[in-house]
Amino acid sequence: MSTVSLLLFVLAAAPVTGASSDPKAAITTVLDDWHKAAADADEARYFGYFTPDAVYMGTDATERWTRDEFRAWAKPYFSKGKAWSFKAVSRYIFVSKDGAVAWFDEALDTPNLGPSRGSGVLVKDGATWKIAQYNLSIPIPNDIMDEVVKRIQTQEPAKPAPAPVPPAPKKK
């Protein structure tokens with residue numbers, strides 16, 4: 001009995017770090033809480049998961065936003081106390097060999113978009129993972145692809161934001 005008491009004492013005295021040594025478990029926690037933050041309309045928590053230079057790509061061809069542009073677009077939703085509700089029903093996570101970068105794809109259950117898909121890239125920032133890129137899409141069944149393509153072609157062409165032009169190299 002004294003061995004059991006000693007074991008319980010040691011376990012109770014052990015520090016709880018809250019950080020998982022398994023990067024996939026830590027990333028799952030980040031992504032699940034990120035989605036929950038949107039459902040809770042917690043703007044600060046939601047956008048706190050992004051890197052400062054993060055990019056969010058929505059379902060429309062024009063929806064390529066920096067973190068700050070996306071936050072400005074989403075602010076009215078968060079301010080009303082109702083953003084969006086995405087729940088991952090499956091997720092695949094991959095981590096680079098050096099443990100500094102991860103990428104994932106997830107099938108989502110959403111009340112407004114129906115079955116959707118998200119994919120993205122996370123980077124390690126100290127002991128935490130931050131979202132550097134997220135891409136939201138709506139998978140289109142192959143059986144109706146021709147119909148969807150025709151409908152898209154009848155719409156005004158989307159004008160995605162132009163890519164920034166890198167500066168010319170300096171002459172020495």
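## Helices, strands and the model

Helices here are DSSP runs of H or I with at least four residues, and strands are runs of E with at least two, both numbered from the N terminus. With that in hand, Gly81 can be placed just after helix 4, where its phi is positive at about 80 degrees.

The coordinates are a predicted model, in which local features need pLDDT of at least 70 and side-chain atom pairs count only at pLDDT 80 or more, while totals for chains, interfaces and linings use all residues. Residues are numbered from 1 along each chain as its sequence is written, and side-chain values use heavy atoms, with hydrogens and water left out.

## The chain as a whole

The chain holds 5 helices and 6 strands. Read from the N terminus, their order is α-α-α-β-β-α-β-β-β-β-α.

Of the 172 residues in the chain, 26% are buried, meaning a relative accessible area under 20% with a 1.4 Å probe and protein chains only, as against over 50% for exposed and in between for partly exposed. A contact is a pair of heavy atoms within 4.5 Å. Among the contacts with a separation of 6 or more, 45% link residues 24 or more positions apart.

## Helix 4

Helix 4 spans residues 67–79, which makes 13 residues. From first C-alpha to last it covers 17 Å, close to the expected 18 Å, a figure obtained as 1.5 Å times one less than the number of residues. The helix has a kink of about 40 degrees at Trp73, shortly before the proline Pro76; this bend is the angle between axes fitted to the seven residues ending there and the seven starting there.

Which residues of helix 4 are buried? They are Phe70, Ala74 and Phe78. These buried residues pack against two other helices and two strands: helix 2 (23–39), helix 3 (43–48), strand 1 (50–57) and strand 2 (64–66).

## How the strands pair

Two strands count as paired if DSSP finds at least two bridges between them. Strand 1 has two partners to follow here. With strand 2 it runs antiparallel over 3 bridges, and the two make a hairpin with 6 residues between them. In that pairing, Tyr56 has Trp65 as its bridge partner. With strand 6 (residues 128–137), strand 1 pairs in the parallel sense over 4 bridges. There, Phe50 is partnered by Ile131, and Met57 stands opposite Asn135.

Strand 6 also pairs with strand 5, in the antiparallel sense and over 9 bridges. Arg117 and Ser137 are bridge partners in this case. Between strand 5 and strand 6 the hairpin leaves 2 residues, and Gly126 in the turn shows a positive phi of about 65 degrees. Strand 3 (residues 87–95) and strand 4 (residues 101–109) are antiparallel as well, with 8 bridges, and Ala88 faces Leu108 of strand 4. Their hairpin has 5 residues between the strands, with Gly99 in the turn at a positive phi of about 75 degrees.

## Ser116 and Gly118 in strand 5

Ser116 belongs to strand 5, which covers residues 116–125. Why does Ser116 count as buried? The reason is its relative accessibility of 3%. A polar atom of its side chain lies 3.1 Å from the backbone oxygen of Gly114. Beyond neighbours within four places in sequence, Ser116 is in contact with Glu106, Ala107, Leu108, Thr110, Leu136, Ser137, Ile138 and Pro139.

Gly118 sits in strand 5 too and is buried, with a relative accessible area of 0%. Residues up to four places away aside, Gly118 touches Phe104, Asp105, Glu106, Leu108, Tyr134 and Asn135. Gly118 and Ile138 are 20 residues apart in sequence, and their C-alpha atoms are 8.6 Å apart in space.

## A backbone angle to look at

Most residues other than glycine have a negative phi. Ala41 is not a glycine, yet its phi is positive at about 55 degrees. Where does Ala41 lie? The residue is in the loop between helix 2 and helix 3. Ala41 is also buried, with a relative accessible area of 16%.

Terms used: Polar contact = N/O pair within 3.5 Å; in protein donor to acceptor, adjacent residues only side chain to side chain.
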